Structures are given as structure tokens and as C-alpha cells.
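Please open the structure in your viewer and keep the selection panel at hand. The tour below proposes one selection after another and says what is found at each stop.

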Amino acid sequence: MSFRKVVRQSKFRHVFGQPVKNDQCYEDIRVSRVTWDSTFCAVNPKFLAVIVEASGGGAFLVLPLSKTGRIDKAYPTVCGHTGPVLDIDWCPHNDEVIASGSEDCTVMVWQIPENGLASPLTEPVVVLEGHTKRVGIVTWHPTARNVLLSAGCDNVVLIWNVGTAEELYRLDTLHPDLIYNVSWNHNGSLFCSACKDKSVRIIDPRRGTLVAEREKAHEGARPMRAIFLADGKVFTTGFSRMSERQLALWDPENLEEPMALQELDSSNGALLPFYDPDTNVVYVCGKGDSSIRYFEITSEPPYIHFLNTFTSKEPQRGMGSMPKRGLEVSKCEIARFYKLHERKCEPIVMTVPRKSDLFQDDLYPDTAGPEAALEAEEWVSGRDAGPILISLREAYVPSKQRDLKVSRRNVLSDSRPAVGPGAARSGASTPAAPASAATPSSSLTGAGEAGKLEEVMQELRALRALVKEQGERIGRLEEQLGRMENGDA
């Protein structure tokens, strides 16, 4: 007789979560009490940002990851909004740029100093005004530089070019009610949204058209969430008619019936999903819960496989998730969450137990790096591109240096308005042309120093050409001026 294996094999079956020691937490943070189903927290390999209580306006803290322990009450905040901040999101292509949406109807984009804040930051790089009601959602485009999406309580989705502070697309007829969340797909050609009218919509933002819609994706009246997975499927969380919390997986080609539907429990906190496209694991955190459940999504039925639950004593007010390139590869860390309590932020590390100290290729496929695959103008013209991938074999050292360089590049393109054709020409040369995004792909995949040197040389050549061109232009102008003064012209 042959006995079938009852337990499904998975390398993530034994993933375990562990909170860090007390001295590695961020203590004495007054987390915002605003009644909005946002994560209140955003994190990247350099900084942790948390929306905090602020008198007479809106503010959020930005802490270097190393600044653990008790945070002084007088620690400077980012405090340019006149109403409470509702959502924040770090730019995936520049670890020093963050966007915030607020009750004051504006979206602001901030440049954080390299070593963190030394004084309160009140001047954003750019203010984006276009919403007529509070802005509850901000999310950056995954692959195009400087493209930002915002959604407000006016049921309008706006897509901005942050580099020029202009509104690219206004989608104001597709949502008849409050938008709960928005999620880009893998290459940023589409986004999906969950709305208070219980519909999940898949939208092409450049055409302004509805690609697919599923009414009553979840029957319950409480908030839903919808996120795109790497293969184009849509994962949703919501409530049944009996107020039981549900998870569902949908195929956009056929939204009639869910591919999978699971009921969890009858708690009343909104479920916030966090997705890792490299491992196909979805982590589900309930607001007000004290647990994180995680599920593996596969291509065979039943599609959603429960892995495990991390449980702690205290309920979570919000949650942030570290991008893959900020994790400690040597410790087999596959996710790290930043759990907000009432007065502190506690990192929780998710680890796959392995005996070997070697780099684990199966846990760390090449992941999205900090380099943008497209410029905003290319995306607007109809081009799509997946994220530029980097290897984590060298852990995070190369990407740290890249981020600093990219940030310099972004400061120039973000904060300087275009003036005349000369400026447009120099602006095109400053980011070392998009060629630098294509050429050093070898260095991104671990060619190390040689790749970086080649990139620097390329940038140097571009600058030399620019200086020569400007020198010739100045010479011509001086010649013309001289002729005019001598009365020759």
C-alpha cells in the first residue's frame, strides 16, 4: 500500500517570527490615533517612518534604522502638513525620498537628509494639489521614476510626475464611493483598487479605462483590500455577510468566481496584506490583532496554503514591511515587519531555519533593486518594463552606495524646474541618460567594483561631453556679444 503525504511540502512551512530584544525597539513614539485604515508606518533599508500624533497639523517621524531605544520627545519630525497625515510611502528608487498624503487635501514629497533629520522638516521638495477632500492613499510606481499615485476621499485617483509637479492622469469617474486601497501590478501597467461599493476594479491608468470589475468581491460592509500578485492574479481580504474575515484569490481573466476563498475568524479589524513577490508568501496583519498569519500562494489548488501564525501579546496599531534588499541574508531572514504599539515600534523578524551558513539561492532569487527601469516620460508614452533585478548574494552593500548616488540625481531632477531648451538638454545629461540603467545591469547582478567603476567612467564621459558642449555654446555667445558691441551685427 502507498501512503499519501498528508502534509504539503514547502520550504516556508517552518518559517518562524521573532520579535527583537527590547533595546532594538523604538520606544516612546506617540503613534497617530487617526481613524483611518492605513499602515501608519513605512520602512526602507535606511529609514523608518511612523505617522505620529501632532498638535495643530500633521507630522511623521523619520528615524535612521540604527536609532533604536527611547526617542526623545523633542526629536525633529516632518511637519509641513496642516492636517493629520493619513498615509506615507518611501520611493522605491531613492531611499531618501518619501511621499505623504494628508487631511489637508495635499500630497507632499520630502527629501530626507542623508543622516536623518537634525531639525524639523517643514519644506517639502514639491506640493501636489489636486484633491478636494483628504488624501488617504499614496503609492509610488514600482518601475518608473518620479511617478506617484494618490487617491482621496473625493473618490478621485490622480497620477503625478513628481519631477515636474504636474498631474499626468485624473481618474474621477471610475469609483462611485470611498477607495480603500490601490495596488500596482508587477510592471506598473495596471493597478487594482478596492472600493466601499464592495467592488474590486482593475484599471489601466494611461487609458483611463476599466479592464475588469468584480462587484461584491466580499459581501460584508467592512473595509476590503486588494493587491496584485507577481503573476497577475489579485489577492483580496474582506468580510462575509456574517462579518467573518475572508481571503480570496482571483483570476483577472475571469472574475465570476474566486479561484480560492478562505474564512479566517470573526474579528472586526481590517486585514492588511503584505506580499513578497520573490517567495509568493502573503502576510496578513489585522488592525487591532496581535497576530500575523502567513500563506503561500501556489499555482495548484487549493492555491492559498496556510503556513503559520506569529502571535504576540499586544495588539498592533499599524505595520510596516522592509523591502527585500534591506534584510539580513546571512540569517536567512525572508521578511521583517515593524509593528506599531501605542507607544513604540517593534521589529519582528521572519526567518527560515537553515543549518548552512552559505547563501541560500532558493530563498533569495534576484529581487527588485533601487534603480528605476523607466523615466516618467517613457511610461507616459506607453512603455512598460519590469523592475531591474539585483542579486542579494553580496547582501546590501552595493545598493547602499547606489542609493546615495541615485538620490543626488533625484534631488536635481525633483527640485529644479525646467527652464528653456538649454536646461532641458543639461537635465537630460544629469542622470547620465537612461543608458546607465541598462548598461550596469552586470554590476547590479554582482560584478562588483568593476561594474561601479565603469558606471562612474560613463557618467564622467557624459559630464565631459556636457561641459564641452556648454563651453562651445558660451564661446559662440561671447563672439556674438563682441560683434554686437563692435557694431558688426
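Select Leu-460 to begin; in this predicted model, its relative accessibility is 37%, so Leu-460 counts as partly exposed, a class that lies between under 20% for buried and over 50% for exposed. The residue is found in helix 6, which spans residues 449–485. Add Leu-453 and Met-457 to the selection, and you have a nonpolar patch on the surface, in which these two residues and Leu-460 together offer about 270 Å² of accessible area.

Next, move to the sheet formed by strands 8, 9, 10 and 11. The four strands make an open sheet in the order 8-9-10-11, with antiparallel pairing. Its edges are strand 8 (85–90) and strand 11 (126–129), each of which pairs on one side only, and from one strand to the next the twist averages 20°. If you then restrict the view to strand 10 (residues 106–111) and strand 11, you are looking at an antiparallel pair joined by four bridges, where Thr-106 stands opposite Glu-129 of strand 11. While tracing side chains here, it may help to recall that in a regular strand the side chains alternate between the two faces of the sheet.

From this sheet, select Asp-95, which lies in the loop between strand 8 and strand 9 (97–102). Which residue does the side chain of Asp-95 meet in a salt bridge? The partner is Arg-325, at 2.8 Å from N to O, and this contact is one of the 26 salt bridges that the structure holds. The pair links distant parts of the chain, since Arg-325 sits in the loop between strand 28 (318–321) and strand 29 (333–340), 230 residues apart from Asp-95. Both Asp-95 and Arg-325 are buried.

The following stop is the hairpin of strand 18 and strand 19, which has four residues between its two strands. Select residues 200–204 for strand 18 and residues 209–214 for strand 19, and five bridges can be followed between these antiparallel strands, with Val-200 having Arg-214 in strand 19 as its bridge partner. In the turn, Gly-208 has a positive phi of about 70°.

Two salt bridges can be visited around this hairpin. Asp-197 forms one with Arg-201, where the closest N and O atoms are 2.6 Å apart. Are the two partners buried or exposed to some degree? Asp-197 counts as partly exposed because its relative accessibility is 26%, whereas Arg-201, at 4%, counts as buried. For the other salt bridge, select Arg-206 and Asp-384, whose side chains meet at 2.7 Å, N to O. Arg-206 lies in the loop between strand 18 and strand 19, and Asp-384 in the loop between helix 1 (376–380) and strand 32 (389–390), so this pair ties together parts that are 178 residues apart in sequence. Arg-206 is buried, with a relative accessible area of 19%, while Asp-384 is partly exposed at 35% relative accessibility. Elsewhere, a selection of Asp-28, Arg-70, Lys-73 and Arg-343 shows one network, joined by salt bridges that share partners.

Now select the cysteines Cys-192 and Cys-195. Cys-192 counts as buried at 0% relative accessibility, and Cys-195, at 1%, counts as buried as well. How many disulfides does the structure hold? The number is zero.

Continue to Gly-269, found in the loop between strand 23 (260–263) and strand 24 (271–276). With a relative accessibility of 7%, Gly-269 counts as buried. Adding Phe-239 to the selection lets you check a separation in sequence and in space, for Gly-269 and Phe-239 are 30 residues apart along the chain and 10.0 Å apart from C-alpha to C-alpha.

The last stop starts from strand 24, which belongs to an open sheet of four strands in the order 24-25-26-27, again with antiparallel pairing. Strand 24 and strand 27 (304–311) stand at the edges with a single partner strand each, so one side of each is left without a neighbour in the sheet. Direction ignored, neighbouring strands of this sheet are turned by 25° against each other on average. To finish, isolate strand 24 and strand 25 (residues 281–286), an antiparallel pair joined by six bridges, and find Asp-276 opposite Val-281 in strand 25.

Terms used:
Residues are numbered from 1 along each chain as its sequence is written. This is a predicted model: local features need pLDDT of at least 70, side-chain atom pairs count only at pLDDT 80 or more; totals for chains, interfaces and linings use all residues. Side-chain values use heavy atoms; hydrogens and water are left out. A disulfide is a pair of cysteine sulfur atoms within 2.5 Å. Buried means under 20% relative accessible area, exposed over 50%, partly exposed in between (1.4 Å probe, protein chains only). Patches are made of residues with over 30% relative accessible area and no salt bridge: like charges are joined within 9 Å, nonpolar side chains (Val, Leu, Ile, Met, Phe, Trp, Tyr) within 5 Å. Accessible areas come from the Shrake-Rupley method with a 1.4 Å probe; for residues, only the protein chains shown count as cover. A salt bridge is a side-chain nitrogen of Lys or Arg within 4 Å of a carboxyl oxygen of Asp or Glu. Two strands pair if DSSP finds at least two bridges between them. Axes are lines fitted to C-alpha atoms, for helices over the stretch in contact, and angles run from 0 to 180 degrees between N-to-C directions.
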